[in-house]
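Thanks for coming, everyone. I have one structure to walk through today. Have a look at it first, and then we start.

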Amino acid sequence: RDLFELCNHLAWKVGGPVLIHGADWGVVAYSTLPQKIDEGRRSVILRREVPGDHREIVRRAQCDERFARGEEIFEVDAVPEIQTRRVVAPIHVLGVVVGSIWVAESDGTLSPDAHDAVVETAKQASYLFVAQQDAHGREKEIFLSMLLQGNHGDEFIAQYLGVDTGSHFCVMTILFERDERLVAEIRGALPGLIRAEGLTSLDVFGEQRVTSVLYSAEYFADFDRRALSIAERLTEADPRIRCSLGSAVRAPGHLPRSRSEAEAVETYLLANPRDRFASPEIGRAHV
């Protein structure tokens, strides 16, 4: 099964159209059976995400609060002339909410066992989420590796990865001891540290290193400082971590240069274990 087939099975069973959101409220999958849909569902599917108007932002925040409280299933009231009543259940992977299932009333009320069916489907969806994320992760790593090595399709690859080609970029490598717990800690901490500096990243995790492409469409004058701040905070968190940075570049086609600089800085760090992080500017003479 895939998530679309799962949605169709649930929609047939409970008598209402089904939609699955990711944790970022983007559209992951939806049922395609010939069932009546309301304007709210149509708008979400066409946009591929929940609209960003104030009413929807409030509703999303309320749902996130209910997910955080551990509610297994709940209902969202109908909005006249926009959407019918919804039955909602979070999808968990390893205790983390990775998405949610939304079932709408269609031409009539949902089946009496709708709540039980939605909860059971949310459990099944968690396994498919992991499989889908693994497949997407492997695919992303292949394309990101091509981008770092240099390729004539740089602009296309960047767009495929969802990166604004007008962004500014920087390669950061994170070295650490082989330790599953440490890898998990880095996975957990890295996204928050990057967001705190107003940047976004594409990351490839290995057993003893992470290659991270930091990027942003803004802050070029301050980009190096922001990247260095991420490296500094990571290495402060654990003495087994070292970070090397390449210079910031203005186009995806220049990423191989930033990668080469990061690798040169990495060599410098390995030869100078007292230094935990560095950029080409910091270790220019040695690099």
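**Helix α8 and its salt bridge**

Let's begin in helix α8, where E263 and R259 sit four residues apart, about one turn of the helix. Keep in mind that this is a predicted model. The side chains of these two residues meet in a salt bridge, at 3.1 Å from N to O. Is each partner buried or exposed? E263 has 38% relative accessibility, so E263 counts as partly exposed. R259 comes in at 15%, which is under the 20% cut-off, so R259 counts as buried. While we are on salt bridges, here is a network: R66, R69 and E71 are joined into one by bridges that share partners.

Back to the helix itself. α8 covers residues 255–271, which is 17 residues. From first C-alpha to last, α8 reaches 25 Å, close to the 24 Å expected at 1.5 Å a residue. Which residues of α8 are buried? The list runs L255, P256, S258, R259, E261, A262, V265, E266, Y268 and L269. R259, our bridge partner from a moment ago, is in that list.

**Other salt bridges**

How many salt bridges are there in total? The count comes to 13. I'll take two more.

Go to helix α6, residues 180–196. E185 and R181 are four residues apart there, so about one helical turn separates them. Their side chains meet in a salt bridge, N to O at 3.7 Å. R181 is exposed, with a relative accessible area of 65%. E185 is partly exposed, at 40% relative accessibility.

Next, R240 and D238. These form a salt bridge too, and the closest N and O atoms are 3.0 Å apart. R240 is partly exposed, with a relative accessible area of 27%. D238 counts as buried, at 11%.

**Cysteines**

Now, disulfides. How many does the model have? The count is zero. Take C63. Why is C63 without a bond to C7? C7 holds the cysteine sulfur closest to that of C63, but the two sulfurs are 17 Å apart, so they are too far from each other for a bond. The cut-off for a disulfide is 2.5 Å between sulfurs. C63 is also buried, at 3% relative accessibility.

C243 is in no disulfide either. For C243, the nearest cysteine sulfur is that of C170, 11 Å away. C243 counts as buried, with a relative accessibility of 0%.

**The second largest pocket**

Last stop: the second largest pocket. How much space lies in it? About 310 Å³. The lining is made of 23 residues. Which of them lie nearest the centre of the pocket? Those are G40, V44, E56, Q83 and R86.

Several elements contribute to this lining. β1 (18–22) and β5 (96–104) each supply at least two residues. So do the helices α2 (39–47) and α3 (54–68), again with at least two residues each.

What classes of residue line the pocket? There are 11 nonpolar, four polar and eight charged residues in the lining.

**Recap**

Three things to take back to the bench. The model has 13 salt bridges, among them the E263 and R259 pair in helix α8. There are zero disulfides. And the second largest pocket is lined by 23 residues, eight of them charged. That's all from me.

Definitions and conventions: Residues are numbered from 1 along each chain as its sequence is written. This is a predicted model: local features need pLDDT of at least 70, side-chain atom pairs count only at pLDDT 80 or more; totals for chains, interfaces and linings use all residues. Side-chain values use heavy atoms; hydrogens and water are left out. On a 1 Å grid over the protein atoms alone, a cavity is a set of points where a 1.4 Å probe fits but cannot get out, and a pocket is an open set with protein on both sides within 12 Å along at least five of seven lines; lining residues have an atom within 4 Å of a point. Grid points are joined across faces, edges and corners, and a volume is the space filled by probe spheres set on the points. Ala, Val, Leu, Ile, Met, Phe, Trp, Tyr, Cys and Pro count as nonpolar, Asp, Glu, Lys and Arg as charged, and the others, Gly among them, as polar. The expected span of a helix is 1.5 Å times one less than its number of residues. Buried means under 20% relative accessible area, exposed over 50%, partly exposed in between (1.4 Å probe, protein chains only). A salt bridge is a side-chain nitrogen of Lys or Arg within 4 Å of a carboxyl oxygen of Asp or Glu.
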